[in-house]
Amino acid sequence: MSAPVAASPTGLADRDELDLGLPPSYLADGHGVGSWLLTTDHKRIAILYAVTITLFFFLGGAAATLVRLELFTPEADIVRADTYNKLFTLHGVVMVWFFLIPSIPNTLGNFLLPLMIGARDVAFPKLNLVSWYLNVGGGLLAVAALLAGGVDTGWTFYVPYSTVFSNGWVSLTVLGVFTTGFSSIATGVNFIATIHMLRAPGLSWFRLPLFVWAMYTTSLMFVLATPVLAVTLLLVFAERSFGLPIFDPARGGDPVLFQHLFWFYSHPAVYIMILPAMGVISELITCFARRRIFGYTFMVYALVAIAVIGFFTWGHHMFTSGMSSYAALVFSFLSFIVAVPSAIKVFNWTGTLYRGQVGFESPMLYALGFVGLFTLGGLTGLFLASIPVDVHVQDTYFVVAHFHYIMVGASVSAYFGGLHFWWPKITGRMYPETWARFAAILMFFGFNLTFFPQFIAGYLGMPRRYHVYPPEFQVWNVLSSSGAAVLAVAYLMPLGYLTWSLLFGERARNNPWDASGLEWRTSSPPPRDNFFGAPRVQGGPYSYHPEGVAPIHDQPRIPAQGSLT
Amino acid sequence: MSGAPGEAGAAAHLREPWSELETGPAAAFARQRDGATFGIWIFLASEVLFFAALFLIYTAYRIANPEAFAAAGRATNIVYGTLNTAILLTSSLTMAMAAQGAEKGLFRRLTLGCLAATAALGLAFLVVKGFEYREDIEKHLVPGAHFALRQAPAQIFFGFYWLVTVVHAIHLGIGIGLVTRLLVKGWRDPDVLTENPQVEVTALYWHLVDLVWVFLYPMLYLPGRAG
Amino acid sequence: MSAGPDTPAALWRRNLPVWAALMALLALSAWAAYWPFKTLNTVTGFAIAGAKAGLVLLVFMQLRRASGLVRLAAACGLFWAAILFTLTLADVLSRLAGG
């Protein structure tokens with residue numbers, strides 16, 4: 001029998017036309033709203049997450065667009081000061097908690113983790129679905145606060161402003177973030193248990209792909225950092241809504257305590273955003289350099305070290321907040337230490353590229369962009385970890401540029417890189433490679449044009465969070481806003497051509513990149529049960545060319561085009 | 001009932017994705033149980049951080065305001081506090097008995113009875129707490145304009161008191177719900193609790209809620225008694 | 001695992017002494033709070049709470065015979081709480097000392 005190729009995203013996975021007697025793909029295994037909203041399949045939950053974080057990404061992006069438009073000129077043109085405050089708060093809250101934190105772990109991680117370890121699903125499939133609902137519920141509360149009138153505290157909710165003075169919908173927003181925190185915890189519990197208990201036979205810890213290690217360390221931080229955020233927000237909620245004296249200095253409270261608790265979560269949260277990105281990049285660079293990862297064990301230890309040391313450094317956000325100078329010195333020192341494992345990772349990626357057969361497919365372009373942007377963001381982090389420099393640039397655009405290099409330049413590049421790399425596996429379709437390469441390059445240039453001028457403006461003294469500024473900073477702001485326009489196009493392009501590929505893209509082969517991971521040893525897209533038979537693992541990850549071995553030239557690189565076989 | 005350990009439980013409770021493991025059902029079920037126990041312990045570690053953050057707030061303020069915290073601690077009702085501690089510790093005993101009974105799968109009546117006792121003790125705690133709250137309100141121990149104690153930081157103590165006891169009561173309420181759920185299931189179907197990992201998971205959560213109170217007792221009720 | 005008691009009476013024999021110890025510790029704790037010392041009373045109160053927690057953890061929560069993995073999870077919770085306490089109190093105490 002040969003059914004016609006259906007023109008719907010789920011129909012494209014209909015394997016009837018092949019008539020090989022294989023089970024249907026996870027996309028074809030059940031239709032209708034219920035089969036998605038009540039699914040316990042980790043792959044479908046990944047898709048649910050992908051849909052919601054995409055919506056939040058463009059919501060947060062819209063707020064950023066308005067901010068950059070306003071900053072095009074030194075005067076107030078389109079929004080008032082109050083609206084401006086609400087816009088950057090919305091941008092921060094949405095991007096941090098509803099896009100970046102769940103981005104790679106909950107979409108790519110959810111989809112790939114069981115596949116990479118040869119499991120049928122995560123350890124607690126129902127909890128996985130609950131986590132998505134918690135995320136959506138929290139997001140809806142935050143969006144409701146936005147529709148009701150917005151919040152002007154900034155994403156950090158600093159007390160006593162947020163608890164005593166602000167007139168916005170702080171409590172509702174805080175409740176939304178609180179709720180979504182439990183989604184993170186649920187995901188963390190699930191991933192840790194999955195990696196410990198459900199690895200395929202033969203898959204020992206030091207045979208795990210680095211992406212799995214990244215998910216493991218990220219989950220560790222989910223579980224151990226997020227509850228402290230929950231308490232912090234609960235205290236803000238209690239002080240604001242019930243008038244309990246907790247942080248208000250007028251009633252004997254200590255606002256610095258709030259900052260300790262907040263940054264105990266929010267600094268590790270930066271590593272929650274970057275560790276998964278590092279995992280993705282390790283997969284991409286090895287595949288497209290056709291090289292084993294340089295220093296696998298060091299890469300593992302570096303991930304673990306970042307996850308642990310990342311918990312010791314939060315005080316560097318508080319150098320100018322009235323923290324004691326002794327504590328500031330300790331935190332400064334600890335912050336320098338965390339740069340060491342990060343540097344190890346950059347060196348090892350570079351070492352992997354050395355003498356590799358580097359190909360420049362679109363995922364690799366994103367990966368190479370990541371390495372550059374992460375290095376720049378990381379190095380400027382050292383400026384900020386050193387107290388004298390930090391006192392000078394605290395609360396300027398230097399800080400804004402620094403953390404955008406890490407959180408947007410690095411993490412979002414990695415997310416897009418991973419999305420392109422695994423797109424054929426997830427959807428069963430190839431995207432137009434030329435468009436993808438163009439978008440990747442455009443994103444790199446747009447990003448640098450947006451944020452590099454902010455380093456300079458910040459170093460020259462332009463403070464953050466103001467909608468008007470002295471005219472001498474205009475040149476940097478015009479550059480930055482122009483870059484933002486380029487960046488917006490670069491972010492919208494994948495939305496277009498990836499959607500196009502769902503309908504018209506070439507069908508993907510099982511392993512279009514000739515990659516070595518276990519997730520490629522099944523059909524594209526995979527069946528509900530992930531594998532045909534039970535996988536067994538007989539060797540380490542990245543079985544590409546080892547160090548010191550010449551590339552095999554009689555095996556031509558397989559082009560990235562798909563075919564039906 | 002007296003088959004090889006794990007077989008009856010595996011038949012009743014083995015779930016995806018554990019059922020796909022390449023082992024016999026008994027071994028797969030043992031792994032599922034281990035996974036459930038491990039999973040709840042990870043969550044408990046998370047809860048430890050949750051309450052640690054609250055306790056840290058208390059510690060920092062108590063170090064800064066020892067006199068006011070002593071005065072405020074004296075104002076709490078140690079009789080209610082001690083009684084409630086005893087109630088919760090006893091409920092942990094019955095919960096542990098229920099879990100150990102269900103683990104063997106041998107003593108259905110013991111398990112059900114202990115689960116019922118646990119839920120009842122939890123409710124008793126909430127009732128006592130309700131009486132205590134009423135007394136606290138009558139004695140103007142709610143932070144605000146009519147607060148009873150002179151020292152300003154005593155208000156912070158009671159801000160913490162109300163927050164942390166309510167958060168604890170919510171945790172306990174969830175625990176009572178979980179225990180009741182097991183009780184109803186076990187009542188309807190005699191075999192459902194046998195070797196069911198959910199009993200162990202519920203028990204571990206219950207004990208944690210108890211442990212939180214064990215530390216709240218010296219924090220809230222014991223300061224300043226000597227003065 | 002099968003070495004444990006296999007009658008209800010044996011289960012009670014195992015758990016009741018722990019409960020009795022917990023009650024005794026509670027009584028001691030309430031009494032010690034009225035001792036005429038200041039710091040010592042506080043230390044005693046929290047030490048007894050720690051002892052009670054230890055009993056519940058080891059016996060009721062079965063940490064005594066738990067796998068290494070479970071013990072590791074429990075230890076992680078305490079270790080990270082220690083990080084939070086140590087570094088925050090380092091700031092709070094040095095600010096108090098500095099006036």
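1. Which side chain does A:Arg120 meet in a salt bridge? The partner is A:Asp529, at 2.5 Å from N to O. This is a predicted model. A:Arg120 sits in the loop between α3 (81-116) and α4 (125-148) of chain A, while A:Asp529 belongs to the segment after α15 (474-504). The two are 409 residues apart, so the pair links distant parts of the chain. A:Arg120 is buried, at a relative accessible area of 10%. A:Asp529 is partly exposed, at 36%.

2. A further salt bridge involves the segment after α15. A:Asp514 lies there, and A:Arg290 lies in the loop between α8 and α9, so the pair ties together parts of chain A that are 224 residues apart in sequence. The N to O distance is 3.3 Å. A:Arg290 counts as buried, with 12% relative accessibility. A:Asp514 is partly exposed, with a relative accessible area of 34%.

3. Salt bridges also link A:Asp41, A:Lys43, A:Asp121 and A:Arg528 in a network. Over all chains, the search of the whole structure gives 15 salt bridges.

4. One bridge joins two chains: B:Glu67 is in helix α3 (residues 66-75) of chain B, and C:Lys38 is in the loop between α1 (8-32) and α2 (39-60) of chain C. Their closest N and O atoms are 3.8 Å apart. Both residues are exposed.

5. Aromatic pairs number 65 over all chains. In one of them, A:Phe264 and A:Phe311, the ring centres are 5.5 Å apart and the planes are at 50°, so the pair is tilted. A:Phe264 is in helix α8 (residues 255-289), and A:Phe311 is in the loop between α9 (296-309) and α10 (325-353), 47 residues apart. Both are buried: A:Phe264 has a relative accessible area of 0%, and A:Phe311 has 1%.

6. Chain B holds an aromatic cluster, with B:Tyr58, B:Phe147, B:Phe160 and B:Trp162 among its members. For this chain, an unreviewed UniProt entry lists "transmembrane region" at residues 38-58, 78-98, 110-131, 160-184 and 204-222. In the model, residues 160-184 are 100% helix, with end C-alpha atoms 36 Å apart. Residues 204-222 are 89% helix, with a 27 Å separation of the end C-alpha atoms. Neither stretch has strand: 0% for 160-184 and 0% for 204-222.

7. A nonpolar surface patch on chain A comprises A:Val33, A:Leu37, A:Leu38 and A:Tyr133, with about 400 Å² of accessible area together. A:Leu37 is in helix α1 (residues 33-37). It counts as partly exposed, at 32% relative accessibility.

8. A cation over a ring: the charged end of A:Arg44 sits 4.2 Å from the ring centre of A:Trp36.

Technical notes: Residues numbered from 1 in each chain as written. Chains lettered and ligands numbered in written order. Predicted model: local features only at pLDDT ≥ 70, side-chain atom pairs only at ≥ 80, totals over all residues. Heavy atoms only, no water. Patch = residues over 30% accessible without salt bridge, like charges linked within 9 Å, V, L, I, M, F, W, Y side chains within 5 Å. Areas by Shrake-Rupley, 256 points an atom, 1.4 Å probe, with all protein chains shown as cover. Salt bridge = Lys/Arg side-chain N within 4 Å of Asp/Glu carboxyl O. Helix = DSSP H or I, 4+ residues; strand = E, 2+ residues; numbered from the N terminus. Buried < 20%, exposed > 50% of the residue type's maximum accessible area, 1.4 Å probe, protein only. UniProt positions renumbered as here; feature names shortened; annotations may be inferred. Phe/Tyr/Trp six-rings, centres within 6.5 Å; stacked < 30°, edge-to-face > 60°. Lys NZ or Arg CZ within 6 Å of the ring centre and 35° of its normal.
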